[in-house]
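I'm opening a fresh notebook page for this one. The plan is to look things up one at a time and jot down what I find.

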Amino acid sequence: MDTDPPLQLRVFNLNCWAIRYLSKLRQERIGLIGDTLRQEGFDLALLQEVWSERDYCELKQKLTACYPYSHYFKSGVIGSGLCVFSRYPILDTFLYQYSLNGYPYMLQHGDWFCGKAVGLLVIKICGIIFHVYVTHLHAEYCRDKDAYLPHRVVQAWELAQFIQHTSKGADVVLLGGDLNMHPGDVGIRLLRGWTGLRDSFPDTERFEGCEDGCTLVPTNCFINKEELQPFPLGIRIDYILYKGLSHFAVKCDSLVTTTGTAPGKSIPYSDHEAVMATLCVKPREEAKGSSSAIEPELVDVVNEARTEVRVGLHTAERQRYSNGRMAILALLLLLLQAAMGLSSLVGWDSPQPFPKLSFSLLSLLATVVLLLSMVVYVFHTIEVKMLQGTEEQMRLALQALQDKLSSM
C-alpha cells in the first residue's frame, strides 16, 4: 500500500441559484455549468439549488459521457436542490432532512418549503471508500438581526452528528456545500470541532481566486450589493471540507474559486462563485487509531452553540404562547357569536339586531384567525420540542467532554 501513488481527486462545488421563474438567466446558466463540467472533467461535482428536476435531467443528459453516475436528492415541497455527478460508481445514498428549517409562513424566504437536508453518497475510488456529503443550510438574510441563527446552529449540530455517526466505515470523508456561515461563526466552528473536518481554504498549498476565498462577492452582477456593504471583499459561505480516516491522509494541493463571469461569457455561473479543489489522498505510514484527545476549545464552542439554541427556544416559546392566546381569543369570539345567534332563534332579538353581513364577516374572520393560530401554534410546539431535544443533546455532549477533560 505504501508504494501506491497518491490519488488526485478534483472536486467542484457550486450553489447554482436555479429557481424556476425567479432566478435570472437560469436556463442559460444551467447550460453553461453543464458545458464547464463536461470540459473540465472533474471527478466529483457537488451542486446545490438545482430546484427543478428538469434542470437536473438536462445536466444528466449532457454529462452522461464524462459523469456516468449521478444522484438527485428529493425532499420538502420543491426539493432539496442537491445533486451529485461522479466519474466513479455510487454504491449507496442516504438523505437526512434537518428537523428545523425556518418558518412556513415566511413565504418571502421559502427555506421551509425546500426541505433543507444533507445527502450522503458512498463511493469507492481505487479501493478507497469515500463518504461524500453535500448540503445546504438555512440562509442568513440579515446578519444584524438573524432570526434563523438558532435553526442554523441546530442544522450544523445535526450535520456534525450525522457525519460522525455515518462515517465510521469510511476511509475519507468529504463535505461540500453552501453552509451559509462565515468561517468564524459558531455553527462552522461547531461542525469542524465536532467532526475534525479540515477547511480546504486555509489548508491549501496553492490558491487562486477571490480574495480571502470569498464566494459571495460584490462584483457578481446577480448579487444585491447593499447586503454586502459591511463586507467590501465579500463573504465565504461555500466550503469543501475533508478528513482522512484509518489508513489514509488527505491534503488540499490546490484550491480555485471563480472570479465573476465565466470564461468567454458575459455572465457568471451563479450568484455564488464556484469552489474547485484538488485533493491528494495517500496512505498513512501508520494507521490512525481512534483519538481520545479533546480540545478544550470544543467545550467553549458547544457551550456557545447551546446558548444560541436556548435563545431560539425562548423565542419559540413566546411565539407559541402568543399564537395560543390568539386562538383562544378567536374561539371566545366565535362562542359569543354562537350565543348571539342562539338568542335570536329563541326570540331574544334586540331592538337593533347586529347587521347580518357584518356578523357573517366577523364570524369568517374569527374562524380564519382560529385556524391559522392553531396551525402556527402546532408548528411552534414542534419547534420547541426540537430545540429542547437539541439543547439536551448538547448538555449531554458537554458533560461527556468535561468528564474526558477531567480524566486527562
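**Entry: contacts and overall make-up**

I began with contacts between residues at a separation of 6 or more, and 75% of those in the protein chain link residues 24 or more positions apart. Note to self: this is a predicted model. I looked up the chain next: it has 408 residues, and 50% of them count as buried. I listed eight helices and 13 strands. The C-alpha atoms fill a box of roughly 100 × 60 × 40 Å along the principal axes.

**Entry: what the record says**

I checked UniProt, where an unreviewed entry puts "domain: Endonuclease/exonuclease/phosphatase" at residues 27-272. In the model, that span is 25% helix and 29% strand, and its end C-alpha atoms lie 16 Å apart. The unreviewed UniProt entry also places the feature "transmembrane region" at residues 327-347 and 359-379. I looked at residues 359-379 in the model: they are 100% helix and 0% strand, with 30 Å between the end C-alpha atoms.

**Entry: helix α1**

Does the length of α1 add up, I wondered, or rather: what should its 15 residues span at 1.5 Å a residue? The answer for residues 26-40 is 21 Å, and the end C-alpha atoms are 21 Å apart, which agrees. I then went through its buried residues, and among them are Arg26, Ile30, Ile33 and Leu37. I remembered that an α-helix has 3.6 residues a turn, so residues three or four places apart point the same way. The cover over the buried residues of α1 includes strand β1 (7-18), strand β2 (44-50) and helix α2 (53-63). Right after α1 comes Gly41, and its phi is positive, near 65°.

**Entry: Ser70**

I found Ser70 in strand β3, residues 69-73. Is Ser70 buried or exposed? Ser70 has a relative accessible area of 19%, and the cut-off for buried is under 20%, so Ser70 counts as buried. I also found a polar contact of 2.9 Å between the side chains of Ser70 and Tyr56. Leaving out residues up to four places away in sequence, Ser70 touches Tyr56, Lys60, Val84, Phe85 and Ile90.

**Entry: the open sheet**

I traced six strands that form an open sheet with mixed pairing, in the order β5-β6-β7-β8-β11-β9. The edges are β5 (90-97) and β9 (198-199), each pairing on one side only. Helix α4 (residues 149-166) packs on this sheet and touches β5, β6, β7, β8 and β11. I noted that α4's direction makes about 165° with that of β7. Helix α5 (residues 186-195) lies across β8, β9 and β11, and runs at about 15° to β11.

**Entry: strand β8 and its partners**

Which way do β7 and β8 run, parallel or antiparallel? They run parallel, joined by seven bridges, and His136 has Asp178 as its bridge partner in β8. On to β11 (residues 238-244): β8 (residues 172-178) pairs with it in the antiparallel sense, over seven bridges. There, Leu175 has Leu241 of β11 as its bridge partner.

I counted burial too: seven of the seven residues of β8 are buried, so the strand is largely enclosed by the rest of the structure. Val172, Leu174, Gly176 and Asp178 point one way from β8, while Val173, Leu175 and Gly177 point the other way.

**Entry: Ile163**

Back to α4, since Ile163 lies in it. How much of Ile163 is accessible? Its relative accessible area is 0%, so Ile163 is buried. Beyond four places in sequence, Ile163 touches Tyr133, Val173, Leu175, Leu191, Thr195 and Leu197. I took the spacing to Leu175 as well: the two are 12 residues apart along the chain, and their C-alpha atoms are separated by 9.0 Å.

**Entry: Ser254**

Last lookup of the day: Ser254, which I found in strand β12, residues 248-257. It is buried, with a relative accessible area of 14%. What does Ser254 contact, once neighbours within four places in sequence are set aside? I got Thr204, Arg206, Met276, Ala277 and Thr278.

Technical notes
Residues are numbered from 1 along each chain as its sequence is written. This is a predicted model: local features need pLDDT of at least 70, side-chain atom pairs count only at pLDDT 80 or more; totals for chains, interfaces and linings use all residues. Side-chain values use heavy atoms; hydrogens and water are left out. Two strands pair if DSSP finds at least two bridges between them. Helices (H or I, at least four residues) and strands (E, at least two) are DSSP runs, numbered from the N terminus. Contact means heavy atoms within 4.5 Å. Axes are lines fitted to C-alpha atoms, for helices over the stretch in contact, and angles run from 0 to 180 degrees between N-to-C directions. Buried means under 20% relative accessible area, exposed over 50%, partly exposed in between (1.4 Å probe, protein chains only). A polar contact is a pair of N or O atoms within 3.5 Å; within protein, one must be able to donate a hydrogen and the other to accept it, and residues adjacent in sequence count only if both atoms are side-chain atoms. The expected span of a helix is 1.5 Å times one less than its number of residues. UniProt positions are given in the numbering used here, feature names are shortened, and annotations may be inferred rather than shown by experiment.
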